[in-house]
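Good morning, colleagues. Please have the sequence and the coordinates open while I speak.

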Amino acid sequence: MSEVVTYKREDQIAYISVNNPPVNALSLPVRQGLEAAFTKFANDNEAKAAILICEGRTWIAGADITEFGKPPEDPWLPKVIHQMEANEKIIVAAIHGTALGGGFETAMGCHYRCAVPSAKLGLPEVTLGLLAGATGTQRLPRLIGVKRALDAMISGAPFSASNGLEWGAVDEIVDGDLRDGATQFTKKLLAANAKPRRISDEEVDGLELNEHFFNEYRNGMAKKTRGFFAPEQIVKCVEAAVSLPYKEAVEREGELFMECMMSSHSVAQRHLFFADRACAKVDDVPKDTPLRDIKKVAVIGGGTMGGGIAMNFANAGIPVVLKEINQEALDRGLEIIRSNYNATVTKGRMSAEQMDQRVGIISGVLDYDDLSDCDLIVEAVFENMALKKEIFGELDRIAKPGAILASNTSTLDIDEIAASTNRPEDVIGWHFFAPANVMTLLELVRGAKTSHEVIATSMAMAKTIKKIAVLVGVCFGFVGNRIFFPYVREAQQMILEGVPPERIDQVAFEWGMAMGPNGVSDLSGLDVLDKVKSEWLDRPDDPALWAVGTKLVELGRLGQKTKAGIFNYAGRTAVPDQVVADLAKSEATRLGIQQLSEVSDEEIIERLMFSMINEGALILEEGIAMRSSDIDVVFVHGYGMPRYRGGPMRYADTVGLSNVVAAMEKYRERYGDMYWTPAPLLKRLAEEGGSFSG
Ligand code: 3HC
């Protein structure tokens, strides 16, 4: 028997136990171990039933994702599951933790399932650009019905053991010790002379479905799944479950699974699975670095950003103090928070009681001295170095020893801010993304003197408030904005060259971005970008840089908030305006910018993406980002790049770095060296046939 799967019989019951930390993934030795254990069980005349149980923190959490993309090795999971299911003696799954993906498929290959109340079950393959290809798409509709199975597989969201019980996916909930409870349950089954119940023998209940069901389902999911490859393949699998005999439908599932596996989408989404986890690791900060206790937090500035930041802590049950400069501003800030929560209650996503609890732990103050007992202070005033330095000077005076002093700056030099205190080791950047209570990204900016403790505590705190934290170094714009700037630059440059802004946005949207660059600029505020430009001291020496935005700001067109920017706004809908086209034309004449007679969609994407990729390569070389996948995480979580592109650096790998360089050389010939000289790292990797993701 293998080390990761053990077989032990006690009287009539065989306990087959999986122990493959950290999450009992179905790596090759586990599949081999299961095959061997269930063969032994079949041949063990004393054994009348088997219980499949897992050691450690969870049941089997799925196939081993690190094996994907490599040549498959026998035994395949579907084979193992069919072998289990075919057994003449009963097999019971005893589930704790998460039974996900291949793990849940393995549980569905068992004849009965019991679970602890906290267990979760689901088929999240869609989040990896895949489908449940070890018979899951065929078994789940048989088990819980077509509509529920589709909902579970298209969302990828796990469901609770009690839902499982209600829907027929779980036969018994075990309170107390799982092994004991599973044993009792199995003994009951033996006493009742229960037979193996094989899901594959059951029919899919298709009676409830009208002839338009699948097309209506497709229409219903279209908005949420826009651009993704796997969801449609999942629907096709379930259609096959309804219309084909089990065996043929399983073959179809296998084909569609392989299509997903080979797709660039799945490669990108799997890359992000690991990237989202890698960014929490900081090489030079040891795992056992002591963490500071954060019991009370202060947020300075009660504007939209400050309010959103405060809500994050309140949502995690941490008391927050909001500091403003006068009563009116404070009242307004607290009111915005309350109305944000109210909106969530109205949508039914929070109870009024929860709202009261959260609002109840947010208090307002006007005096810095009232922040002296806070363990973490987040400054969230507008981007102005002089003001931030003044505030940090005050914080140095009043904050208790060991308090973490964080600045929510989106561009400014943390070292300069830290220098206005006598404790630069306690100073760190916490760059939230708007709306701060919704967006999952948090850029943590490490100053030259930021201590390991402050970094480790910030990382841990980010997890507590459910953010994905990426640690970055100091430079203007850090990682996110620094790569966002060339993206905006190219979008506006193309407007100057006569490309309609709505076309640029449409092409970017169809490529997968949540919004086009011009819409995003209008949403952020053209005045905000203009302010950034004025603070950006070493910006490129280029009068055309963001020139459209600057001109529009002069006309009072600040973006969505003034109902006019690059577009006009009827509500939130962007409407093109001839005024902007005319203005772009006259600016182009003034700046001597040639009009392009024709621009392909391909060029639009290349200029938007490759300009970012090049900046990303520079960022990597300068050590501002720790790894290329961190840049991907930033852009996907903070700027609306779809997960199926994997982030800008992963996208560069998909295109091929030599193709990226070749395209850049083409633009370099047209526009000169300033923006289109390939970064040395990019050039070197392209020449070596390498990639960013290694
Ligand atoms: N394969 C390989 N490694 C995995 C893994 C998997 N399925 N699931 C988790 N890991 C690794 C993580 O990368 C991480 O490694 P690290 O410590 O080196 O960074 C470690 O296990 C712990 O994972 P988490 O940090 O995510 O631990 P949590 O406790 O926060 O979460 C979890 C546990 C909910 C199980 C979460 O890890 C998870 O969601 N895992 C993926 C589940 C999944 O997608 N399963 C489906 C796989 S595809 C499949 O089964 C195809 C089949 O249909 C054929």
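I shall go through strands and sheets, then cysteines, then the ligand, and end with some individual buried residues. Please keep in mind that this is a predicted model.

Let me begin with strand 6, which covers residues 112-115. As a reminder, in a regular strand the side chains alternate between the two faces of the sheet. In strand 6, Tyr112 and Cys114 point one way, while Arg113 and Ala115 point the other way. Are these residues buried or exposed? Tyr112, Arg113, Cys114 and Ala115 are all buried.

What does strand 6 pair with? One partner is strand 4, residues 90-95, in the parallel sense and over 4 bridges. Within that pairing, Ala94 has Cys114 as its bridge partner. Strand 9, residues 172-173, also pairs with strand 6 in the parallel sense, here over 2 bridges. Cys114 appears again in this second pairing, where its bridge partner is Glu172.

I turn now to an open sheet of 3 strands. Its order is 5-7-8 and its pairing is mixed. Which strands stand at the edges? They are strand 5, residues 98-100, and strand 8, residues 159-160; each has a single partner strand, so one side of each is left without a neighbour in the sheet. Strand 7, residues 120-122, pairs with strand 8 in the antiparallel sense over 2 bridges. In that pairing, Leu121 has Phe159 in strand 8 as its bridge partner. Helix 3, residues 102-109, packs on this sheet and touches strand 5, strand 7 and strand 8. The direction of helix 3 makes about 90° with that of strand 5.

Next comes an open sheet of 8 strands. The strand order is 12-11-10-13-14-15-16-17, again with mixed pairing. Strand 12 (362-365) and strand 17 (468-472) are at the edges; each has a single partner strand, so one side of each is left without a neighbour in the sheet. From one strand to the next, the twist averages 25°. Within this order, strand 10, residues 297-300, and strand 11, residues 320-323, pair in the parallel sense over 4 bridges. Val297 stands opposite Val320 of strand 11.

That brings me to the cysteines. How many disulfides does the structure hold? The number is 0. Why does Cys114 form no bond with Cys110? Cys110 has the cysteine sulfur closest to that of Cys114, but the distance is 9.8 Å, which is too far for a bond. Cys114 has a relative accessibility of 0% and therefore counts as buried. Cys475 is likewise in no disulfide, and the nearest cysteine sulfur, in Cys279, is 17 Å away. Cys475 counts as buried because its relative accessibility is 13%, the cut-off being under 20%.

Now the ligand. There are 25 residues around it, and those that come nearest are Arg57, Glu105, Glu125, Arg277 and Lys281. Which polar atoms lie by the ligand? A polar side-chain atom of Lys281 is 2.5 Å from a ligand oxygen atom. For Glu105, an N or O atom in the side chain is 2.7 Å from an oxygen atom of the ligand. Ala61 takes part through its backbone: a polar atom there is 2.9 Å from a nitrogen atom of the ligand.

Finally, some individual residues. Where is Gly473 found? Gly473 is in the loop between strand 17 and helix 18 (480-496). With a relative accessibility of 14%, Gly473 counts as buried. Beyond residues up to four places away in sequence, Gly473 touches Val445, Arg446, Phe478 and Ile624. Gly473 and Ile414 are 59 residues apart in sequence, and their C-alpha atoms are 9.1 Å apart in space.

Helix 18 itself contains Gln493, which is buried at a relative accessible area of 13%. Leaving aside neighbours within four places in sequence, Gln493 is in contact with Ala544, Ile593, Arg607 and Tyr671.

My last residue is Ser263, in the loop between helix 10 (246-262) and helix 11 (264-278). Ser263 has 11% relative accessibility and so counts as buried. Its contacts, apart from neighbours within four places in sequence, are Gly129 and Phe229.

Thank you for your attention.

Definitions and conventions:
Residues are numbered from 1 along each chain as its sequence is written. This is a predicted model: local features need pLDDT of at least 70, side-chain atom pairs count only at pLDDT 80 or more; totals for chains, interfaces and linings use all residues. Side-chain values use heavy atoms; hydrogens and water are left out. Buried means under 20% relative accessible area, exposed over 50%, partly exposed in between (1.4 Å probe, protein chains only). Two strands pair if DSSP finds at least two bridges between them. Axes are lines fitted to C-alpha atoms, for helices over the stretch in contact, and angles run from 0 to 180 degrees between N-to-C directions. A disulfide is a pair of cysteine sulfur atoms within 2.5 Å. Contact means heavy atoms within 4.5 Å. A residue is near a molecule or strand if one of its heavy atoms lies within 4 Å of it. A polar contact is a pair of N or O atoms within 3.5 Å; within protein, one must be able to donate a hydrogen and the other to accept it, and residues adjacent in sequence count only if both atoms are side-chain atoms.
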